[in-house]
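Here's a walk through a two-chain model, one chain at a time and then across the interface. Have the viewer open while you read.

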Amino acid sequence: MEKQVILNSKHFELTIKRLSYQLIENHNDFSKTVLIGLQPRGINVLTRIKSQLEAILKKEIVCGDLDITFYRDDFRRREQPLIPSATNIDFVIENKNVVLMDDVLYTGRTIRSGLDALLAFGRPVKVELLTMIDRRFQRDLPIQSDYTGRTVDTLTSERVSVEWKEIEGEDKVVLYTPDENE
Amino acid sequence: MNSLSVDDLTGIKDLTRADIDLIFKTADAFKEVINRPIKKVPSLRDITIANLFFENSTRTRLSFELAEKRLSADVVNFSAASSSVKKGETLIDTVNNILSMKVDMVIMRHPNPGAAKFLSERIDAKVINAGDGTHEHPTQALLDSYSIRERLGDVAGKKVVIVGDILHSRVALSNIYCLQKLGAEVMVCGPTTLMPRYIHELGVIVEHDLKKALEWCDVANMLRIQLERQEMKYFPSLREYSMQYGLTKDILDGLSKKIIVMHPGPINRGVEITSDVADSKQAIILQQVENGVAIRMAVIYLLASQIKR
């Protein structure tokens, strides 16, 4: 397995900062905007962006976690059922702008499920998508992100992993390519 | 482990500790779902479930039906009172007829012990036992333990007394298995005539004095006297039973600690439990009902995930 670092910790931090400023450009003081991370790995993106935004704006940003297990389109197609994670949305999304967050945008199926899951909490004015990595040319559905950390061109056999200081020990994005004989 | 070790839920006896933990974890997620503005998820939209009730039921049937609908399953209902069973059709014939309409899962309540097991061995559809005679009522035991876990944080190490008609109660047997698998200590309390002869072989403590039992326990599960299953007199009168084994507010307040009171319903107010106890803060009877939907959603979801396309 060949390993290639796409974003090192310095670029990782710059990317988070840039995404935060892009959000502020569009959402001003976030009085009508809520941020929602998709379980499990989107929560890491959310936590980091939230603390960055709060440091800049000096106010609390409304955030929630959304689990999409029950909305997936591959139920009964997997060997093992997926075990749900927690959903914590204790606010109303009716008439709010929602920014969904995830680490990697790949086939678009997770985001499709996320949109369905989100609508169980009301009718938002607008939904946007923020992802750290966009694996373009790999989409199964017509879904694109509004805020992208880094766009990468990958093969289906490759794997992109967004790693976090809190979990893996270092902020970085790694591209894993299988060896030819694997 | 992400899937159940069993193909059908016929009784708690066949479940492992890991199975019960998995059901509880999944139920946690469904409990959140049923408190959302839109209480429905699309997971089971291509699954058809038949509810076969060969015996009367209000709560369990409603609870299963709600659970199925909140998972977006298609539901067909059947009750023995208004069916061909009265015309002499056998169980297997009835079920096979329903299955030829392409049903994926059967929820069955039946007056004969072992009916669910019998069925599960003969049909391909998933079977969930919603009570088979005096044998087992697995989803009730799961929701009881889940409610204890919710209120007390954990079931392990807790002392639970089951009071009343142990002889005729499927809730008692399933509860004993479930609580013991989760590490609780179980006591049964009731008149000698309503105690199965070899009950101690299940590893439970047997007590005939209600006050002693309540002093010992953290949780009291008060069972209903099942007059419909009693073919002879097991005690002189309901009044006498209620004097000895009925839980009143005076008894509850006289205890040295605050215990939790549970009841699987339907309540005979004034017999096994008085109204002021049933409506007190120590009773978690309505929470049990709410948790019942979440638990049944979890069981149905986990079993449905085993049905391959």
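Let's start with how chain B is wired: residues 24 or more positions apart make up 75% of its contacts with a separation of 6 or more. Contact here means that the C-beta atoms of two residues, placed from the backbone, lie within 7 Å.

A quick word on bookkeeping. The model is predicted, with local features needing pLDDT of at least 70 and side-chain atom pairs counting only at pLDDT 80 or more, while totals for chains, interfaces and linings use all residues. Residues are numbered from 1 along each chain as its sequence is written, and chains are lettered from A and ligands numbered from 1 in the order in which they are written.

**The two chains side by side**

Some terms for the table: helices (H or I, at least four residues) and strands (E, at least two) are DSSP runs, numbered from the N terminus. A residue is buried if 20 or more other C-beta atoms lie within 10 Å of its own, exposed if 12 or fewer, and partly exposed in between, with C-beta atoms placed from the backbone.

| Chain | Helices and strands | C-alpha box along the principal axes | Buried residues |
|---|---|---|---|
| Chain A | 4 helices and 8 strands | roughly 55 × 40 × 30 Å | 37% of 182 residues |
| Chain B | 11 helices and 9 strands | roughly 55 × 45 × 35 Å | 46% of 309 residues |

For overall packing, use the radius of gyration, taken over C-alpha atoms, and the globule rule, which is 2.2 Å times the number of residues to the power 0.38. Chain B has a radius of gyration of 19 Å, close to the 19 Å the rule gives for 309 residues, so it is as compact as a globular protein of that length. Chain A has 16 Å, in agreement with the value near 16 Å for a compact globule of 182 residues.

**Chain B: two open sheets**

Strands count as paired if DSSP finds at least two bridges between them. Axes are lines fitted to C-alpha atoms (for helices, over the stretch in contact), and angles run from 0 to 180 degrees between N-to-C directions.

One open sheet has 4 strands in the order β2-β1-β3-β4 of chain B, with parallel pairing. β2 (74–79) and β4 (126–132) of chain B stand at its edges with a single partner strand each, so one side of each has no neighbour in the sheet. From one strand to the next, the twist averages 15°. Inside this sheet, β1 (residues 48–53) and β3 (residues 105–110) of chain B are paired in parallel over 5 bridges, and Asn51(B) has Ile107(B) in β3(B) as its bridge partner. Helix α2 (residues 59–70) of chain B lies across β1, β2, β3 and β4 of chain B, at about 180° to β1(B).

Another open sheet has 5 strands in the order β7-β6-β5-β8-β9 of chain B, again with parallel pairing. Its edges are β7 (205–207) and β9 (260–262) of chain B; each has a single partner strand, so one side of each is left without a neighbour in the sheet. Neighbouring strands here are turned by 25° against each other on average, direction ignored. β5 (residues 159–163) and β6 (residues 185–189) of chain B run parallel and are joined by 5 bridges, with Val160(B) opposite Val186(B) in β6(B). Helix α6 (residues 170–181) of chain B lies across β5, β6 and β8 (219–222) of chain B, at about 160° to β6(B).

**Chain A: a helix pair and a buried loop residue**

Along the sequence, chain A reads β-α-β-α-β-β-α-β-β-β-α-β. Its helices α1 (residues 9–27) and α2 (residues 42–57) have axes that come within 9 Å and cross at roughly 65°. Among the residues making this contact are Ile16(A), Leu19(A) and Leu23(A) of α1(A), and Ile49(A), Leu53(A) and Ile56(A) of α2(A).

Where does Ile93(A) sit? Ile93(A) is in the loop between β3 (63–66) and β4 (97–105) of chain A, and is buried, with 22 other C-beta atoms within 10 Å. Leaving out residues up to four places away in sequence, Ile93(A) touches Val34(A), Val98(A), Phe121(A), Gly122(A) and Pro124(A).

**Across the interface**

Finally, 14 residues of chain A are in contact with 18 residues of chain B.
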